[in-house]
Amino acid sequence: MKSEPGPLMTLGAAAVAGVRLIVWCKGCQHQVEPDPAEMAARYGADTPVPDWRERLVCSKCGSREIDMVVTGTKRHRPA
């Protein structure tokens, strides 16, 4: 028996958790990693991540066919 899914992650929760949002265009494969804190400030901290994704448009080709993953904490770049 499956359990009920939990609440959707919000942009504010993503910012607090320090996760990475990896977003790419299905049309041209353009990829970006927007800062969750900046996105929470722009779109509202209570905005669910799936709702935010539906609003995205590729800055390279203009497509609205966007996909994404939410993954572990930000990678640390060597000094």
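# Notebook: salt bridges, core and threonine 10

I began with a search of the whole structure, and the search returned three salt bridges. I keep in mind throughout that the model is predicted.

**Entry 1: glutamate 33 and arginine 20.** I looked up the pair formed by glutamate 33 and arginine 20, whose side chains meet in a salt bridge with an N to O distance of 2.8 Å. I noted that this pair links distant parts of the chain, with arginine 20 in strand E1 (residues 19-25) and glutamate 33 in the loop between strand E2 (31-32) and helix H2 (36-43), 13 residues apart. I then asked myself whether arginine 20 is buried or exposed. Arginine 20 counts as buried because its relative accessibility is 15%, and the cut-off for buried is under 20%. Glutamate 33, at 35% relative accessibility, counts as partly exposed.

**Entry 2: the bridges of arginine 53.** I next turned to arginine 53, which forms a salt bridge with glutamate 54, the closest N and O atoms being 2.6 Å apart. The side chain of arginine 53 also meets that of aspartate 67 in a salt bridge, at 3.7 Å from N to O. The pair of aspartate 67 and arginine 53 links distant parts of the chain, since I find aspartate 67 in strand E3 (residues 66-73) and arginine 53 in helix H3 (residues 49-54), 14 residues apart. Which residues do the shared partners join into one network? I wrote down Arg53, Glu54 and Asp67, joined by salt bridges that share partners. I also checked accessibility here: arginine 53 counts as partly exposed at 24%, aspartate 67 counts as partly exposed at 25%, and glutamate 54 counts as partly exposed at 49%.

**Entry 3: the nonpolar core.** I looked for the largest nonpolar core and found that it has 13 residues, those with the most contacts inside it being Leu11, Val23, Trp52, Ile66 and Met68. To this core E1, H2, H3 and E3 each supply at least two residues. I then listed the contacts of tryptophan 52, leaving aside its neighbours within four places in sequence, and obtained Leu11, Leu21, Val23, Pro34, Met39, Tyr43, Thr47 and Met68.

**Entry 4: threonine 10.** I placed threonine 10 in the segment before helix H1 (11-17). What does threonine 10 touch, if residues up to four places away in sequence are not counted? I recorded Ala45, Asp46, Thr47, Pro48 and Val49. A polar atom of the side chain of threonine 10 lies 3.3 Å from the backbone oxygen of alanine 45.

**Entry 5: the protein as a whole.** I counted three helices and three strands, and from the N terminus on I read the elements as α-β-β-α-α-β. The C-alpha trace spans about 40 × 40 × 30 Å along its principal axes. Of the 79 residues in the protein, buried residues make up 30%, and the accessible surface comes to about 5700 Å², of which 52% belongs to carbon and sulfur atoms. When I restricted contacts to those between residues at least 6 apart in sequence, I found that 66% join residues at least 24 apart.

**Entry 6: confidence.** I closed by reading the pLDDT values, which average 91 over the protein, with 92% of the residues scoring at least 70. Among the elements, I noted that H2 has the highest mean pLDDT (97) and E3 the lowest (91).

Terms used
Residues numbered from 1 in each chain as written. Predicted model: local features only at pLDDT ≥ 70, side-chain atom pairs only at ≥ 80, totals over all residues. Heavy atoms only, no water. Salt bridge = Lys/Arg side-chain N within 4 Å of Asp/Glu carboxyl O. Helix = DSSP H or I, 4+ residues; strand = E, 2+ residues; numbered from the N terminus. Buried < 20%, exposed > 50% of the residue type's maximum accessible area, 1.4 Å probe, protein only. pLDDT = per-residue confidence, 0-100. Core = buried A, V, L, I, M, F, W, Y, C linked by side-chain atoms within 4.5 Å. Contact = heavy atoms within 4.5 Å. Polar contact = N/O pair within 3.5 Å; in protein donor to acceptor, adjacent residues only side chain to side chain. Areas by Shrake-Rupley, 256 points an atom, 1.4 Å probe, with all protein chains shown as cover.
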